[in-house]
Structures are given as C-alpha cells and as structure tokens.
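Me: Please pick one part of this model and take a close look at it. How is that part put together?

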Amino acid sequence: MPVLQVEHLTKDYGSNSGVFDVTFEVNKGEVFGFLGPNGAGKTTTIRHIMSFSRPQQGSTAVNGLDSWKDHYIIQKDVGYLPGEIALPEALTGNQFIKMMAELRDMSDMTHTDYLIKKFKLEPSGGLKRMSLGMKRKLAIVTAFMHDPQILVLDEPTSGLDPMMQDIFISFIKDEKERGKTILLSSHIFSEVDATCDRIAIIKDGRLVSTFVANDLRHNESKTFKIEFASQEEFERFREQVEYPKKLDVISVKRHRNQARVLIDDIDVNELISVLSDYHLKFFTEIKFTLEDYFMKFYDRNENLEGVTENVVN
Ligand SMILES: Nc1ncnc2c1ncn2[C@@H]1O[C@H](COP(=O)(O)OP(=O)(O)OP(=O)(O)O)[C@@H](O)[C@H]1O
Ligand SMILES: [Mg+2]
C-alpha cells in the first residue's frame, strides 16, 4: 500500500486553473519531488492530501485512509510544512513551541531540541520581530518536532539562506535514512536533484511527467562539443560523419568550426577513435542536468512531445 496516494484528483477553480485528474503515489521510504511552475497546482494538490480542501472528483489518501474522511488521523501522522506560514505574532518562539508540544501531548522534547540545534533556531524572541528566515526555521521545528513518519513539504527552503538550504537538504537525507516518506514540492532543481528518488512534473494543473530520478541522471547517451583546429578539418569531419554512421551529429556551427555530437555511451570509444585522426582545439562533454530537463516544462510554448520519451512513467 502506498503511503501517499493521489487518485484522479480534480479541483476546478474555473478559467482553467486548479488541478485536473492528477494521479500519483508515494511509497514508504521514498523521497518524491513535486515540481512545476508558479500556479501549476502543487499547493492545491498538497492541501488536498492534508485534508484542507475537498476534492471535486477523485481522492487523496494517507496510509490508505481517505484524507477528507479521516482527517484527524492523517494530520497526526504527517509533518506538514506549508508554503506560506502564518504564526501567532503575540507569542515568543519558545511559547509557540510549548503550545505545539501541548497540542500534541508531547513530553519528551529530545527530538525538538535536536531540531532547534540542527536548524540553529533562536526561539527566545517574539514572533512579531523574527526575521522571515527565523520564522521558517520555527515552522520547520514545530512541523517535525513529533518526529512524524511522513513529511509533506511545500517549498520548504524558500526564505532560507544558502547555508540553511544545505542544512535542510542534509535533514531530508537523514530523514530518508531513518525510513521516512517524503513529498517535497520545489522550484529548486539542485535540492530536488540532491534528494529525490522519483519526480512528478505538474503543469497547468495536469501531470506531464513522472519519472525515476536515476534514469535521468544515468542517461545512456552523451553530448560532446568538438572544435576543430581549422575549417578544413571541420569539413573533413562533416563529410566523414554524413555517411551511415554510429555518430549522431545533432548540430554543427561552421563559423566556429564546432560540432555537437550525440552518441550512446557504448560508442564513446568509436568517437575517440574517429577524432584521433583530426586536429582539434578542444573536445568536451556537455553535461545533461535535471535542470535541462525541467526547463523544458517551464517554457510555456515548448512542444512537450518527445520530451517524455526516454523516461519511465
Ligand atoms: N482557493 C482558490 N480559489 C481559486 N483559485 C485558486 C485557489 N487556490 C489556488 N487557485 C488557483 O489554482 C492554480 C494552482 O495554484 P497552486 O497554488 O496550487 O499553484 P502552485 O503550483 O502551488 O504555485 P506556486 O509555485 O506559485 O506556489 C492557480 O491558478 C491558482 O490561482
Ligand atoms: Mg504553491
């Protein structure tokens, strides 16, 4: 049984906004990345999982329990960090932590203290005067102080400085080690790349791709950029590779005598052997990153056909 389940979830806010027939699941121990441009439907989906919103069609479930019907149970099992936090301004950080501990009937504060140290939270001051980053840290500590098995994080590192973002990534990795199940919505490719096992991309309220992150990381083809020492050398190479070939030349730039060559990993030796016969200026691999892949979905005019071809659905 999946830990988190979103099945044909539809919430139509009109004017083509909302979420439409969204289906995915997150399994035990998995870190699942949920990506998409502004307004794509990430928060809407997450709010349904957390039972703050009722589906028009479809359902969401946590540990097999319907989010809407069993909201008391699911909220206890989940540590939820909302994208926009609202904290009671009249309290100090310490008072807020104490209040949350009482609400949860907690007496053992060992894990809370660990989180306060880990995130360098200074909870003594009043919330009204706390910096945005400090408020985010307080929200993090209070979301996870009861050491929940499931973490639902809506853009968790927004408002955190780069050092705190790194600490957050290490926190997610530690939690994964401890067997937690994590759903993480984000715009930050490096944080998704560093933590996620699987990733879903949502655009205009619809899932456009779900894939295993490692399949993309270990892409079995590579692109090389080659600059030849002279135009003659460049032309000679072009003629050679125009024949039935192992080398898939994806683009050539005559004015710089440059070629981009896309090949399967197994053909790397073949490429090197072909190039050994030429005078080159340089030869370099163009790294394909998750970001290159994601950016295709961020461009509103991009034709998505073919983009999902090589990934596992
Ligand atoms: N309560 C609501 N009433 C009407 N429209 C809403 C409501 N909540 C969200 N929407 C609309 O639904 C769409 C999805 O919003 P959502 O907040 O889920 O996007 P998001 O992916 O979380 O974006 P962001 O990256 O900016 O946080 C947007 O067009 C938004 O304006
Ligand atoms: Mg959002």
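Reply: Contact here means heavy atoms within 4.5 Å. Axes are lines fitted to C-alpha atoms, for helices over the stretch in contact, with angles from 0 to 180 degrees between N-to-C directions. Helices (H or I, at least four residues) and strands (E, at least two) are DSSP runs numbered from the N terminus. This is a predicted model: local features need pLDDT of at least 70, side-chain atom pairs 80 or more, while totals for chains, interfaces and linings use all residues. Residues are numbered from 1 along each chain as written, chains are lettered from A and ligands numbered from 1 in written order, and side-chain values use heavy atoms without hydrogens or water.

The part chosen is an open sheet of 4 strands in the order 12-13-11-14, with antiparallel pairing. Strand 12 (248-253) and strand 14 stand at the edges; each has a single partner strand, so one side of each lacks a neighbour in the sheet. On average, neighbouring strands of this sheet are turned by 20 degrees against each other, direction ignored.

Take the pairs in turn, where two strands pair if DSSP finds at least two bridges between them. Strand 12 and strand 13 run antiparallel and are joined by 5 bridges. One residue of strand 12, Lys253, stands opposite Gln258 in strand 13. The hairpin of strand 12 and strand 13 has 4 residues between the strands, and Asn257 takes a positive phi near 55 degrees there.

On the way across the sheet, strand 13 is followed by strand 11. Strand 11 (residues 221-228) and strand 13 (residues 258-264) are antiparallel and share 7 bridges. Ser221 faces Asp264 of strand 13, and Glu227 has Gln258 as its bridge partner. Gln258 therefore stands opposite Lys253 and is also the partner of Glu227.

Next comes strand 14 (residues 280-286), which pairs with strand 11 in the antiparallel sense over 6 bridges. Within this pair, Ile226 has Phe283 of strand 14 as its bridge partner.

A helix belongs in the picture too. Helix 10 (residues 268-275) lies across strand 11, strand 13 and strand 14. Its direction is at about 10 degrees to strand 11.

The model also has an open sheet of 6 strands, ordered 6-7-8-3-9-10, with mixed pairing. At its edges stand strand 6 (78-81) and strand 10 (206-212), each with a single partner strand, so one side of each has no neighbour in the sheet. The twist there averages 15 degrees from one strand to the next. Helix 5 (residues 132-144) packs on that sheet, touching strand 6 and strand 7 (150-154), and its direction makes about 170 degrees with that of strand 6. Strand 3 (residues 31-35) and strand 9 (residues 198-203) pair in the parallel sense over 4 bridges. Leu35 stands opposite Ile201 in strand 9.
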